[in-house]
Amino acid sequence: MTTHQHYMQRALDLAAQGLYSASPNPRVGCVLVKKQQIIGEGFHLQAGEPHAEVHALRQAGAAAKGATAYVTLEPCSHVGRTPPCALALVEAGVSQVIIALQDPNPKVAGRGIAMLNAAGIQTQVGVLQAQAAALNVGFIKRMQTGRPWVRAKLAMSLDGRTAMASGESQWITGPAARADVQRLRARSCAVVTGADTVILDQARLTLREQELGLSSELTAAALLKPPLRIVVDSRLRVPLDAAFFSAEHAVVASTQIPCSPAQASYWQLGTLGQQVDLVALIDKLGQLEANEVLVEAGPKLVGAFLQAGLLDELVVYMAPKLLGNLARPLLDLPLEQMDQAVALAIQEITPVGQDYRIRAYLTAADL
């Protein structure tokens, strides 16, 4: 690992501290180095608060003059809720800025770098770029397409089954996997489920503090911004006394709105056949500045998201169990020929307690 990579990795570790709270902004970390010593560092916690560079500059004080700044994302050049960070670095007198990733917003990309260069500050872009991009997949996609990054979470047995024929599914996976799902929810701006999941499993899809398994600081950050919880219910089948409505941030996405809506917000979306238009749902979430969306639903709804070309990632928890051929399949995906198979790019296969987590991206050809 080079010197630049060493300090950029520290900046990435800091950026990850905003994993559960920085949205709709990106997760960004900054490290200031002088004479091979870190003199200031910081990360962006949440929108409206100082950016990573500001925290690092405040910590360094006057010593920032002549220092090298390592930043995981191009310093902003525009005035938003906070002043531009590129200008703050110029005024502090840093001599060099090492950047992992250029700003993905096509309207502003490169302007922060240009501002630094115009002030005589050397810049280098691309150090640990892939790692920086992985930390902000949702922000990058939203900046480039207007839509959030959509991942589906599934739990299955070793033979690819998700529930018994009766619908019984609790619990296929163990407590470690369920805690991991809690962290997936916590990093998401919205969680989407289906009417059947809410009715059959009495699902609430809330964050459970005791299961997050995070430090007290990260737990507090996660609970500060719980995800919007959305149930796709085209025919308004979910009763209002369902557990799903017992907590805040509940939304019903439907093709209709009840005469007397209560206990939830209702989004009336267009129809695709007899069902809610999922493209319209994801577009709406993009307009609401959602960076990452988690789909936690049954085979039918997840299959519908996939067939609509809306899924970017699958996160599958595989339990060392066999449920048999009568149990329900992983997805409703009516394919008949091998050339219809959906190609996936496996990102990782990781043990999680007694289970395994498989992360896979939908390949570009299928998106």
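Biologist: Is Glu296 buried or exposed?
Modeller: This is a predicted model, where local features need pLDDT of at least 70, side-chain atom pairs count only at pLDDT 80 or more, and totals for chains, interfaces and linings use all residues. Residues are numbered from 1 along each chain as its sequence is written, and side-chain values use heavy atoms, with hydrogens and water left out. Buried means under 20% relative accessible area, exposed over 50%, partly exposed in between (1.4 Å probe, protein chains only). Glu296 has a relative accessible area of 6%, so Glu296 is buried.

Biologist: In which strand is the place of Glu296?
Modeller: Strands (E, at least two residues) and helices (H or I, at least four) are DSSP runs, numbered from the N terminus. The run with Glu296 spans residues 292–296. That is strand β14.

Biologist: Which residues does UniProt list for "binding site"?
Modeller: The UniProt entry is unreviewed. Its positions are given in the numbering used here, feature names are shortened, and annotations may be inferred rather than shown by experiment. The listed residues are Arg185, Leu205, Arg208 and Glu296.

Biologist: The lining of which pocket takes in Arg185, Leu205, Arg208 and Glu296?
Modeller: A pocket is an open set of points on a 1 Å grid over the protein atoms alone, with protein on both sides within 12 Å along at least five of seven lines. Lining residues have an atom within 4 Å of a point. These residues from the UniProt set belong to the lining of the largest pocket.

Biologist: What is the relative accessible area of Arg185?
Modeller: Arg185 sits in helix α7, residues 175–187. Leaving aside neighbours within four places in sequence, its contacts (heavy atoms within 4.5 Å) include Leu205, Arg208 and Glu296. Arg185 is buried, because its relative accessible area is 7%.

Biologist: Which residue does the UniProt annotation "active site" cover?
Modeller: This annotation also comes from an unreviewed entry. The residue is found in helix α2, residues 52–60. At 3% relative accessibility, it counts as buried. It is Glu53.

Biologist: How many bridges join strand β6 to β15?
Modeller: Two strands pair if DSSP finds at least two bridges between them. Strands β6 (residues 149–157) and β15 run parallel. Arg151 has Glu313 in β15 as its bridge partner. The bridges number 7.

Biologist: In β18, what is the bridge partner of Leu314?
Modeller: Strand β15 covers residues 313–319. It runs antiparallel to β18 (residues 355–362), with 6 bridges joining them. The partner of Leu314 is Ala360.

Technical notes: On a 1 Å grid over the protein atoms alone, a cavity is a set of points where a 1.4 Å probe fits but cannot get out, and a pocket is an open set with protein on both sides within 12 Å along at least five of seven lines; lining residues have an atom within 4 Å of a point.
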